[in-house]
Amino acid sequence: MTTLRNKPPISFWIISVLALIWNIVGVMAYLFRAFITDDQIAQLPKEQQAEFLVDYPVWYTAAFALAVFCGALGCFMLLIRKKWAYVLFVFSAIGAIVQHMYLFLNVEMSTTTLIMPIMVILVCLFLIWFSKKSISKGWIK
């Protein structure tokens, strides 16, 4: 009887799959940034080229990698119903906050370009809350 009560609702699966898609897009953004060539940068519009000419500190890139890879792995852990999701989401949030604090403090951003970094941090915090709730409800073990 306990197994039936601990069965996650459909909303758990929907949120987990959407979160995985979100984090896979983040992984793709990281890999694109990490492996883009000079020829590929030259083919981008001038506004986007300027972004790739910025020399970010190594710790910024490490925080970016931590955020996206821990986030994607955390989503995978949710889908296989493992508690490790919570820890991975905490690391992901730390990476995202460190990464975006650097941007907030060092890069001039318009109001519209602030939307995505704030959304990333909010999604990270939501996933921490969601995984903690999933643990307390017995949906993940």
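Leaving aside neighbours within four places in sequence, Leu78 is in contact (heavy atoms within 4.5 Å) with Phe12, Ser16, Ala85, Phe89, Phe130, Ser131 and Ile140. Leu78 is also among the best-connected members of the largest nonpolar core, which has 19 residues; the others with the most contacts inside it are Phe12, Ala85, Phe89, Ala96, Cys124 and Ile140. A nonpolar core here is a set of buried Ala, Val, Leu, Ile, Met, Phe, Trp, Tyr and Cys residues joined through side-chain atoms within 4.5 Å. Buried means under 20% relative accessible area, with a 1.4 Å probe and protein chains only. Helices α2 (10-35), α5, α6 and α7 each supply at least two residues of this core. Apart from it lies another core, of six residues, including Val27, Tyr30, Ala65 and Val68.

The model is predicted: local features need pLDDT of at least 70, side-chain atom pairs count only at pLDDT 80 or more, and totals for chains, interfaces and linings use all residues. Residues are numbered from 1 along each chain as its sequence is written, and side-chain values use heavy atoms, with hydrogens and water left out.

The helices that carry the core belong to a chain with seven helices and zero strands, in the order α-α-α-α-α-α-α. Helices (H or I, at least four residues) and strands (E, at least two) are DSSP runs, numbered from the N terminus.

Helix α6 covers residues 84-106. Its buried residues are Ala85, Leu88, Phe89, Ser92, Ala93, Gly95, Ala96, Gln99, His100, Tyr102 and Leu103, and they pack against α5 (58-79) and α7 (111-136). Why is a span of 33 Å expected for α6? The expected span is 1.5 Å times one less than the number of residues, so the 23 residues of α6 should span 33 Å, and its end C-alpha atoms are indeed 33 Å apart. For α5, the 22 residues should span 32 Å, which agrees with the 32 Å between its end C-alpha atoms. Just after α5, Arg81 takes a positive phi of about 60 degrees.

Now the chain as a whole. Its C-alpha trace spans about 60 × 30 × 25 Å along its principal axes. Of the 141 residues, 37% are buried. Among contacts between residues at least 6 apart in sequence, 73% join residues at least 24 apart. The chain exposes about 9,000 Å² (Shrake-Rupley method, 1.4 Å probe), and carbon and sulfur atoms supply 71% of this area.

Definitions and conventions:
Buried < 20%, exposed > 50% of the residue type's maximum accessible area, 1.4 Å probe, protein only.
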